[in-house]
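Dear colleague,

I am passing on the structure below, together with some notes on what turned up in it. Please read the notes with the coordinates open beside you.

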Amino acid sequence: MNKLHCYTRVSTTEQKKKGTSLEEQIEVGKKVSKKLGLKFVLVNEGDKSSTTDYREELENLKYEISLGKVKNIWVLESSRLFRDSRDSMNFRVQCLDEYDVNLYQGNERNVNLVQVETSEEKLMYSMFSEFHQY
């Protein structure tokens, strides 16, 4: 599949305009898509807390993954997806691993494919998940 599903989210309404706003995340996602040679697909969650709000766009994304329609996901940073380490680990196992989905993070100058194949890479993923929860 030649699409990059770019997941954008901020935690509060105030963050929509300050910090790394939704508009900034979208622009970076477009640049990353171009750099990777993939078609930009916006998955915009808006202003939803990663710990207290139901996130419809994330649930739809997971469903689309289970149907085999999503193979590449990008986030500016992994905390855009999850701050809860259990949710993050479940996503890795149930989506990334099970459906062979690529997760990219970073900006157009420093975009990285999140590797979770070796035990060391899985450990690093786990550590970052715990750090974001902290």
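In what order do the elements of the protein chain run from the N terminus on? Before the answer, please keep in mind that this is a predicted model. The order is β-α-β-α-β-α-β-β-α, and the chain accordingly has 4 helices and 5 strands.

Some values for the chain as a whole come next. Of the 134 residues, 38% count as buried, while the accessible surface of the protein chain comes to about 8000 Å², with 47% of that area belonging to carbon and sulfur atoms. If one takes the contacts between residues at least 6 apart in sequence, 72% of them join residues at least 24 apart.

The side-chain pairs may be of particular interest to you. The structure holds 4 salt bridges, and I describe some of them here, going along the sequence.

One of them is in helix α1, which covers residues 22-36 and contains both E27 and K30. These two residues form a salt bridge in which the closest N and O atoms are 3.7 Å apart, a distance that counts because the cut-off for a salt bridge is 4 Å. E27 and K30 are 3 residues apart, about one turn of the helix. Both side chains belong to partly exposed residues, since E27 has a relative accessibility of 41% and K30 one of 39%.

A further pair is found in helix α2 (residues 56-66), where K62 and E59 are also 3 residues apart and therefore separated by about one helical turn. Their side chains meet in a salt bridge with an N to O distance of 3.1 Å. As for accessibility, K62 is partly exposed with a relative accessible area of 26%, and E59 likewise counts as partly exposed, at 32%.

The remaining pair I would point out is R92 and D97, whose side chains meet in a salt bridge at 2.6 Å, N to O. Is R92 buried or exposed? R92 counts as buried, because its relative accessibility is 8% and the limit for that class is under 20%. Its partner D97, by contrast, is at 32% relative accessibility and so counts as partly exposed, which means that this salt bridge joins a buried residue to a partly exposed one.

With best regards

Technical notes: Residues are numbered from 1 along each chain as its sequence is written. This is a predicted model: local features need pLDDT of at least 70, side-chain atom pairs count only at pLDDT 80 or more; totals for chains, interfaces and linings use all residues. Side-chain values use heavy atoms; hydrogens and water are left out. Helices (H or I, at least four residues) and strands (E, at least two) are DSSP runs, numbered from the N terminus. Buried means under 20% relative accessible area, exposed over 50%, partly exposed in between (1.4 Å probe, protein chains only). Contact means heavy atoms within 4.5 Å. Accessible areas come from the Shrake-Rupley method with a 1.4 Å probe; for residues, only the protein chains shown count as cover.
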